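Student: Could you take me closely through one part of this model, the second largest pocket, and then the residues around it? I would like the cut-offs along the way.

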Amino acid sequence: MPPPSSSTRGSALSEAIVNELKQLIYTGEFKPGERLNEAALALRMGTSRGPIREAIKVLAGLGIVNAVTNRGVYVRQLSLREMVEIYELRALVFGYAADRACEHLTEEHKKQFEDLLAAMDAACDAEDGTLYYELNLQFHALILTLSNNRRAYQAYDDYVKELHLVRRKYFNAPGNMRRSNVEHRAIYEAIAASNRTRARAAAERHVLAGRARLLSNFEE
């Protein structure tokens with residue numbers, strides 16, 4: 001087997017740096033509003049500035065950092081009002097997607113949902129907030145895919161990207177993961193029953209419950 005090409009190695013390195021930077025931001029080592037220094041990051045991670053620059057472009061695309069012309073790159077910071085407004089829009093789009101998903105569910109999709117729900121239950125048991133968060137994103141993405149509406153998917157994805165920082169931080173809070181997955185199961189069961197009204201209501205409630213859980217942590 002031929003050795004990996006330099007472009008393949010470079011891509012793998014950038015992906016590893018993206019994942020490492022995500023964890024540093026999610027765990028709060030780099031705080032909202034903090035400036036990221038390419039040279040310091042390159043030294044810390046034992047690489048050149050090129051892969052760091054590429055990784056930062058990916059993070060900017062995910063809404064995790066902001067690049068400010070002539071000033072540098074900063075960890076994204078949202079106001080409380082912005083977060084509340086985004087959650088309200090997310091609830092509307094996710095409710096719409098769950099409604100539409102009733103029309104497009106297949107047996108294969110049912111298995112995907114059941115596998116995701118079981119994996120999230122296991123992540124709850126293991127108290128693995130990182131794994132749960134990634135599976136949670138996949139669950140929501142599957143529903144948006146089944147909406148068969150690319151504009152809705154893009155809008156929802158944009159909202160999710162804006163909220164990554166604050167949402168990820170609180171997924172490890174006691175009981176949050178378990179309550180979230182009970183709500184997921186209610187959404188799936190409504191979709192599987194082709195009950196569009198119940199699916200829409202359950203999906204909207206889920207997002208707004210997530211907002212309430214987030215706000216309760218801010219109050220604390």
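Tutor: Happily; here is the pocket, followed by some residues worth a look and a word on confidence.

This is a predicted model, in which local features need pLDDT of at least 70 and side-chain atom pairs count only at pLDDT 80 or more, while totals for chains, interfaces and linings use all residues. Residues are numbered from 1 along each chain as its sequence is written, and side-chain values use heavy atoms, with hydrogens and water left out.

Let's start with confidence. The protein chain has a mean pLDDT of 88, with 90% of its residues at 70 or more (pLDDT is the predictor's confidence in each residue, from 0 to 100). Among the elements, helix 5 (residues 107–125) has the highest mean, 97, and helix 1 (residues 6–26) the lowest, 75. Helices are DSSP runs of H or I with at least four residues, strands are runs of E with at least two, and both are numbered from the N terminus. Over residues 2–7 pLDDT stays under 50, and the model has one contact beyond four places in sequence for them; contact means heavy atoms within 4.5 Å. Where pLDDT is low, the predicted coordinates should not be read in detail.

Now the pocket itself. The second largest pocket has a volume of about 240 Å³. On a 1 Å grid over the protein atoms alone, a pocket is an open set of points with protein on both sides within 12 Å along at least five of seven lines, where a 1.4 Å probe fits, and lining residues have an atom within 4 Å of a point. Points are joined across faces, edges and corners, and the volume is the space filled by probe spheres set on them.

Its lining has 16 residues, and Leu137, Ala141, Asp157, Val160 and His164 lie nearest the centre. Helix 1, helix 6 (129–146) and helix 7 (150–170) each supply at least two lining residues, with helix 6 giving the most, seven. By class, ten are nonpolar, three polar and three charged. Here Ala, Val, Leu, Ile, Met, Phe, Trp, Tyr, Cys and Pro count as nonpolar, Asp, Glu, Lys and Arg as charged, and the others, Gly among them, as polar.

His164 deserves a closer look. This histidine is in helix 7 and counts as buried at 7% relative accessibility (buried is under 20% relative accessible area, exposed over 50%, partly exposed in between, with a 1.4 Å probe and protein chains only). Leaving aside neighbours within four places in sequence, His164 is in contact with Tyr26, Leu62, Ile64, Tyr133 and Leu137. Tyr26 is 138 residues away along the chain, yet its C-alpha is 8.5 Å from that of His164. Another of these partners, Tyr133, lies in helix 6 and is buried at 0% relative accessibility.

Helix 5 has a histidine too: His109 lies there and is buried, with a relative accessible area of 18%. Beyond its neighbours within four places, His109 is in contact with His104, Leu142 and Leu146. His109 and Leu142 are 33 residues apart in sequence and 8.3 Å apart C-alpha to C-alpha.

Finally, a loop residue. Asn70 sits between strand 2 (65–68) and strand 3 (72–75), has a positive phi of about 65° although it is not a glycine, and is exposed, with a relative accessible area of 80%. Most residues other than glycine have a negative phi.
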